[in-house]
Amino acid sequence: MPVRHDPMSLPPEAARGSVRRITVVGEEILSRPCQEVTEFGTAELSALIDDMFLTMYVADGAGLAANQVDVDLRLFVYDCPDDDGVRHIGHIINPVLDLPDPGSRRLVEDSEGCLSVPGATMMVPRTDRAVVRGFDQDGDPLVIEGTGYFARCLQHETDHLIGHTYLDRLSKRDRKDALRQMEDRREDVFARRERKAGSLARQDGGTPGP
């Protein structure tokens, strides 16, 4: 999920992280369910979360799932506004998505992109409310409620962890259109990410990881 962030207001996780390569649709890890996290409170898990935050910001993302940095774990991070402009920042591990009952849910069709489908955007219907239940990196329970664009983000990232991208929600014709957009624009997107990584490195006085 793409969004623009103010580099002066990034959370501390980003300063601790290193940039990782973002996987691209067609890679096998994006098309299968991720494994449950079974060990909490480890240095490796904390470092992964930090790396995911920085990688998300370099790519101008509102959310990023672990399989998007080639890690087979049920985890995503987010820094996403809702429709009221409230900023939501955090991570969740082993999330379970709850949507409103069919009789009370409202579908909203809006433009959606994906960091693993660089350069493409398509209209995708999502419910306007969503709840995810899971755990933080220490194993403490989390319940995250989202509305509007943030609800879309929660649904989008949870989809990743079951091996789906937003392309799987499109018709064959629209999927082909999205893939054409990606082919036309991906090199520009990659170049922009390189520039953003360099800019953040200069601000921090160091160099982000590979």
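Let me start with charge. The structure holds 16 salt bridges. This is a predicted model, so keep that in mind throughout.

Take Arg 32. Its side chain has two acidic partners to talk about. One is Glu 28, with the closest N and O atoms 2.7 Å apart. Another is Asp 72, at 2.9 Å from N to O. Where do Arg 32 and Asp 72 sit in the chain? Arg 32 is in the loop between α1, residues 12-16, and α2. Asp 72 is in the loop between β1 and β2. They are 40 residues apart, so this pair links distant parts of the chain. Both ends of that bridge are partly exposed: Arg 32 has 27% relative accessibility, and Asp 72 has a relative accessible area of 24%.

Now a contrasting place. The side chains of Arg 152 and Glu 112 also meet in a salt bridge, at 2.6 Å from N to O. Arg 152 belongs to helix α3, residues 148-161, and Glu 112 to strand β4, residues 107-113, so the bridge ties together parts 40 residues apart in sequence. Are these two residues buried or exposed? Arg 152 is buried, at 4% relative accessible area. Glu 112 is buried too, at 1%. And this pair has company. A network of salt bridges links Glu 112, Arg 126, Arg 152, Asp 159 and Arg 169.

Let me step back to the whole chain. How many helices and strands are there? Four helices and seven strands. In sequence order the pattern reads α-α-β-β-β-β-β-β-β-α-α. The radius of gyration is 16 Å, close to the 17 Å that the globule rule gives for 210 residues, so the chain is as compact as a globular protein of that length. Along its principal axes, the C-alpha trace spans about 50 × 45 × 35 Å.

Some totals. Of the 210 residues, 49% count as buried. The accessible surface comes to about 10,300 Å². Carbon and sulfur atoms account for 49% of that surface. Then contacts. Take those between residues at least 6 apart in sequence: 69% of them join residues at least 24 apart.

On to the inside. In soluble globular proteins, nonpolar side chains tend to be buried together. Here, the largest nonpolar core has 24 residues. Which residues have the most contacts inside it? Met 52, Leu 64, Leu 75 and Val 77. Three elements give two or more residues to this core: α2 (43-58), β2 (75-81) and α4 (172-204). Helix α2 gives the most, with nine residues.

Look at Leu 75 in the viewer. Leave aside its neighbours within four places in sequence. Leu 75 then touches Leu 45, Leu 48, Ile 49 and Met 52, among others. Its contacts also include Leu 64, Ala 65 and Ala 66. Further along the chain, they include His 91, Ile 92, Ile 93 and Leu 161.

Apart from the largest core lies another one, of 14 residues. Phe 76, Ile 92, Phe 150 and Leu 154 are among its members. Two of those names come back when we turn to the rings. Phe 76 and Phe 150 form one aromatic cluster together with Tyr 78. The count of aromatic pairs comes to four.

Last topic: backbone angles. Two residues that are not glycine have a positive phi. Asp 70 has a phi near 65°. For Asn 94, phi is about 50°. Their settings are worth a look. Asp 70 sits in the loop between β1 (63-65) and β2. Asn 94 lies in strand β3, residues 87-98. Which of the two terms, buried or partly exposed, fits each residue? Asp 70 counts as partly exposed, at 47% relative accessibility. Asn 94 is buried, with a relative accessible area of 8%.

To close, three places to open in the viewer. One is the bridge between Arg 32 and Asp 72. Another is the network that includes Glu 112 and Arg 152. And then Leu 75, in the largest nonpolar core.

Key. Residues are numbered from 1 along each chain as its sequence is written. This is a predicted model: local features need pLDDT of at least 70, side-chain atom pairs count only at pLDDT 80 or more; totals for chains, interfaces and linings use all residues. Side-chain values use heavy atoms; hydrogens and water are left out. A nonpolar core is a set of buried Ala, Val, Leu, Ile, Met, Phe, Trp, Tyr and Cys residues joined through side-chain atoms within 4.5 Å. Buried means under 20% relative accessible area, exposed over 50%, partly exposed in between (1.4 Å probe, protein chains only). Contact means heavy atoms within 4.5 Å. Rings of Phe, Tyr and Trp (its six-membered ring) pair if their centres lie within 6.5 Å; planes under 30 degrees apart count as stacked, over 60 as edge-to-face and the rest as tilted. The radius of gyration is taken over C-alpha atoms; the globule rule is 2.2 Å times the number of residues to the power 0.38. Accessible areas come from the Shrake-Rupley method with a 1.4 Å probe; for residues, only the protein chains shown count as cover. A salt bridge is a side-chain nitrogen of Lys or Arg within 4 Å of a carboxyl oxygen of Asp or Glu.
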